[in-house]
Amino acid sequence: MPSTLIHAGFAALLAAALLTDDFDARALAVVVGAAVVPDLDTFIGLWLIDGGHRAVLHNLLVPSVLLIAAWVDVRRGADSRILARWGPGGWRLAWVSLFGGWIVAAVLLDAFFNGANLLWPVHDEFIDLSGHLLISDQRGFEQTFIEFERTADGGTAVGSDHSRGSTGEQHYWTYADMGPDADEDTERIGYVFDRGTYMVIALAGYATAGFRLLEARRGE
């Protein structure tokens, strides 16, 4: 599964690419921090809400509400708290952090790797978007990221191959929370990089952000 280090590295890459002239160490910390925040629901799931990991903060609703709130604040102009603190680049920092860092680098990266509860708490269902997109000379255009099936009442629902159940039915283990069946002999595993592609993305992000910070300091 994508580790927190991978989320942070991907977010750093997006920050370096999207913040343009507003990129500095403080702005980088905000974007990377936004990508790390969703993984805190590991502890929420451990202590407060059973099955809360990949649900409470790994959904699209929380960052979307925050993004709308940021937009409303910026629209206040001279009375905007974001612009007062971060200057004219405040809105860019807000959407890069919440959309790029939180939604793309954290939530969607996990959703496309064995699932996340994307509409929690409005709809409690973990959706696994793992799949492929290909063009075949026999099958034509094919995608398996998301598929729908007919329900008994004639409606549509996410296909059973993609549904992983509710917070009461699904548990995503982490090093801190190995699940209700774990005991003192259960091996605790904390992946740093479980796939080479993720390692490349993360290291590229850290290297790019570091290079841009070095450029900024030399420019000063």
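A residue counts as buried here when its relative accessible area is under 20%. By that yardstick, 40% of the 220 residues in this chain are buried. Keep in mind throughout that we're looking at a predicted model.

Let's start with the overall layout. The chain has 7 helices and 4 strands, and reading from the N terminus the order is α-α-α-α-α-α-β-β-β-β-α. So what are the dimensions of the C-alpha trace along its principal axes? They come out at about 60 × 50 × 45 Å. As for how the chain contacts itself, take the contacts with a separation of 6 or more: 59% of them are between residues 24 or more positions apart.

A good place to step inside is helix α1, residues 4-18, and its contact with helix α7, residues 196-219. Two packed helices are described by the angle between their axes and the distance between the axes. For α1 and α7, the axes come within 7 Å and cross at roughly 45°. The two helices are therefore oblique to each other, and the crossing is left-handed. Which residues of α1 do the touching? On that side you'll find Leu5, Ile6, Ala8, Gly9, Phe10, Ala12, Leu13, Ala15 and Ala16. Facing them from α7 are Tyr198, Ile201, Ala202, Ala204, Gly205, Tyr206, Thr208, Ala209 and Arg212. Sorted by kind, the residues of this contact are 14 nonpolar, 3 polar and 1 charged.

Helix α1 also packs against α6, which covers residues 90-111. Here the angle is about 145° and the axes are 9 Å apart. The crossing of α1 with α6 is right-handed, whereas α1 passes α7 in a left-handed one. From α1, the residues involved are Ile6, His7, Phe10, Ala11, Leu14, Ala15 and Leu18. They meet a set in α6 that includes Arg92, Trp95, Val96, Gly100, Gly101 and Val104, and Ala105, Ala106, Leu109 and Asp110 belong to that set too. The tally for the α1 and α6 contact is 12 nonpolar, 3 polar and 2 charged. If you compare the lists, Ile6, Phe10 and Ala15 turn up in the contact with α7 and also in the contact with α6.

While we're on α6, have a look at Leu98, which sits in that helix. Is Leu98 buried or exposed? Its relative accessibility is 12%, so it counts as buried. Setting aside neighbours within four places in sequence, Leu98 is in contact with Pro63, Leu66, Leu67 and Ile103. Pro63, Leu66 and Leu67 belong to the stretch of α4, residues 61-74. Then there's Ala35: Leu98 is 63 residues away from it along the chain, yet their C-alpha atoms are separated by 8.2 Å.

Next, the loops, which have some backbone oddities. Most residues other than glycine have a negative phi, and most peptide bonds are trans. Thr20, in the loop between α1 and α2, has a positive phi of about 45°. At 36% relative accessibility, Thr20 is partly exposed. Arg54, in the loop between α3 and α4, also has a positive phi, near 65°. Arg54 is at 1% relative accessibility and so counts as buried. Where is the cis peptide bond? The bond runs from Trp120 to Pro121, with omega near 5°, and Pro121 is in the loop between α6 and β1.

Follow the chain on to β1 and you reach a hairpin, in which 3 residues join β1 to β2. Strand β1 spans residues 133-136 and β2 spans 140-143, and the two pair in the antiparallel sense over 4 bridges. Within the ladder, Ile135 stands opposite Phe141, while Ser136 has Gly140 as its bridge partner. Gln143 is in β2 as well, and with a relative accessible area of 28% it is partly exposed. Not counting residues up to four places away in sequence, Gln143 touches His132 and Leu133. To place the hairpin relative to where we began, take Thr4: its C-alpha atom and that of Gln143 are separated by 28 Å, with the two positions 139 residues apart along the chain.

Note on methods:
Residues numbered from 1 in each chain as written. Predicted model: local features only at pLDDT ≥ 70, side-chain atom pairs only at ≥ 80, totals over all residues. Heavy atoms only, no water. Pairing = 2+ DSSP bridges. Axes fitted to C-alpha atoms, helices over the stretch in contact; angles between N-to-C directions. Parallel < 35°, antiparallel > 145°, perpendicular 65-115°, else oblique. Left-handed = near helix turned anticlockwise from the far one by under 90°. Contact = heavy atoms within 4.5 Å. Nonpolar A, V, L, I, M, F, W, Y, C, P; charged D, E, K, R; others polar. Buried < 20%, exposed > 50% of the residue type's maximum accessible area, 1.4 Å probe, protein only.
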